[in-house]
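Trainee: I am new to this structure and would like to go through it with you step by step. Could we begin with the pairing of strands and then turn to single residues?

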Amino acid sequence: MTPFEPALRHEEEPSLEVGDEPQLVERLRDEIRVAGPITFARFMERALYEPGLGYYTGAAAGPGRDGDFLTAPETHPIFGWAVARQLEELWQVLGGPVPFVVREHGAGSGALAVAILDGLVRDRSPLRDAIRYEAIEVDERRLDAFRERVTTAGHADALDRGLSSTSVVGAVLGNEVLDALPVHRVVARQGSLREIYVDWSGERFVEREDEPSTARLEERLRDEEITLADGQHAEIALAVDDWIARVAAELERGILLLVDYGHPARELYSARRARGTLLAYVRHRAHDDPFRNVGRQDLTAHVDVTAVERAAERAGLQRLGVTTQAEFLVGLGIGELLSAIQADPSTSIESYLGLRSSVVRLLDPAATGRFAVMAFGRGVAPDAPLRGFGFRLVDRAATAKGD
């Protein structure tokens, strides 16, 4: 889920009130009455993923132009066309295995899958015939919608209709997945770490501070050499460790490619982020009250890139590269793709201007260009050519020569 949203074209901004999911509120309230205040991680997990009632599992619209936010693949297919180039390069590095599995976690509407497959067709890549695309989602209805979209786009033959194996030779993808993992909320008080729990006031959910629910919270900050300023709030996603371990176990040979809004620990926990990074998204607008629209709004927090890197290392993966989305896309030739479309006689001025606007958004550091793109590998040489992670190195080399 992206923390940067396109400008709304309405004369009046829509209301942030869509109402709670009443059954979910009742279940959370009952849990608190029985067991006492719960961690925010528990609240967030149920608000997003409660079967049939959570934001990602309920009946309401999810990510997309008709939902509450846009992801990069939904901004324009050119994002997926560029990712396709990185996958083809990886396929060649691995020796052209057949099948070459692409397993996408949080595959959503299928926008990225269709763009990747279309991109391979555009580039006349032989990988198109070798690829097997697998979608992982939290709700079977989402998988049905995914399959329908990919099939309608003419790529039914690329789908695996039920995972035939647990291992992947190819790529495991996660685009804007980590920022929706449950987080614990903490605050520093006079040299001590306090955890912020969720309680029920009798009318609504409220915050309660108490001792940390687990020593892992303090251990995470200590291991990353982070000291929060007095009164500083922060989020800690312990769930990252388990998620990385689980998906890394799927990867026999290839890469884990992650795209998300994140920062190294020192930047993420800078004192300038005194209130943390937790945000709620509804109707293409962001706000800071997680207790509104329970089950009907997205909740997200920026990703701790340092924690992701360490979790990947513990899982036996090797760091292949970490860069920004802008550098990743430039390295993969997004400029060439844009120029080719402009030169195509069938391209209208309206479609080209729309495309150019989308590319600006994808590259702009003030929009999604600052997203972190992370690659971790197994059975891939550390110096393997990965164009998406080479732009910064080339730029630095050129700078050094200039000196």
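Mentor: Let us start inside a sheet, keeping in mind that this is a predicted model. Strand 9 and strand 16 run antiparallel and are joined by seven bridges, and within this pair Asp 260 has as its opposite residue in strand 16 Ala 372.

Trainee: Which helix packs on the sheet, touching strand 2, strand 4 and strand 9?

Mentor: The helix in question covers residues 78-93, and its direction makes about 155° with that of strand 4. The helix that packs there is helix 4.

Trainee: In what order do the six strands of the open sheet stand?

Mentor: The pairing in this open sheet is mixed. Strand 3 (131-136) and strand 15 (318-324) each have a single partner strand and stand at the edges, so one side of each is left without a neighbour in the sheet. Neighbouring strands are turned by 15° against each other on average, direction ignored. Read across the sheet, the order is 3-2-4-9-16-15.

Trainee: Which residues of helix 9 are buried?

Mentor: Helix 9 takes in residues 239-250, and its 12 residues reach 17 Å from the first C-alpha to the last, close to the 16 Å expected at 1.5 Å a residue. The cover over its buried residues includes strand 4 (168-175), strand 9 (251-260) and helix 11 (305-314). The buried residues are Val 240, Asp 241, Trp 243, Ile 244, Val 247, Ala 248 and Glu 250.

Trainee: How many of the nine residues of strand 6 are buried?

Mentor: Strand 6 covers residues 192-200 and has antiparallel pairings with strand 1 over two bridges, with strand 5 over five bridges and with strand 7 over six bridges. Among the facing residues, Ile 38 has Val 198 as its bridge partner, Arg 185 stands opposite Ile 196, and Tyr 197 stands opposite Arg 208. The strand is mostly covered, and the number of its buried residues is seven.

Trainee: Which residue takes a positive phi in the hairpin of strand 6 and strand 7?

Mentor: It helps to look at both hairpins in turn. The one formed by strand 5 and strand 6 has two residues between the strands, and Gln 190 in its turn has a positive phi of about 50°. The hairpin of strand 6 and strand 7 has four residues between the strands, and there the residue with a positive phi, near 110°, is Gly 202.

Trainee: Is Gln 297 buried or exposed?

Mentor: Gln 297 lies in the loop between strand 12 (285-287) and strand 13 (298-300), and the residues it touches include Leu 48, Tyr 55 and Phe 291. Its side chain makes a polar contact with the side chain of His 287 at 2.7 Å, and it also reaches the backbone oxygen of Arg 292 at 2.6 Å. Because its relative accessibility is 2%, and the cut-off is under 20%, Gln 297 counts as buried.

Trainee: And Asp 383, is that residue buried or exposed?

Mentor: Asp 383 is placed in the loop between strand 16 and helix 15 (391-402). Its C-alpha atom is separated by 9.9 Å from that of Gly 321, although the two residues are 62 residues apart along the chain. Since the relative accessible area of Asp 383 is 67%, and the cut-off is over 50%, the residue is exposed.

Terms used
Residues numbered from 1 in each chain as written. Predicted model: local features only at pLDDT ≥ 70, side-chain atom pairs only at ≥ 80, totals over all residues. Heavy atoms only, no water. Buried < 20%, exposed > 50% of the residue type's maximum accessible area, 1.4 Å probe, protein only. Polar contact = N/O pair within 3.5 Å; in protein donor to acceptor, adjacent residues only side chain to side chain. Contact = heavy atoms within 4.5 Å. Pairing = 2+ DSSP bridges. Expected span 1.5 Å × (residues − 1). Axes fitted to C-alpha atoms, helices over the stretch in contact; angles between N-to-C directions. Lists of a residue's contacts leave out its neighbours within four places in sequence.
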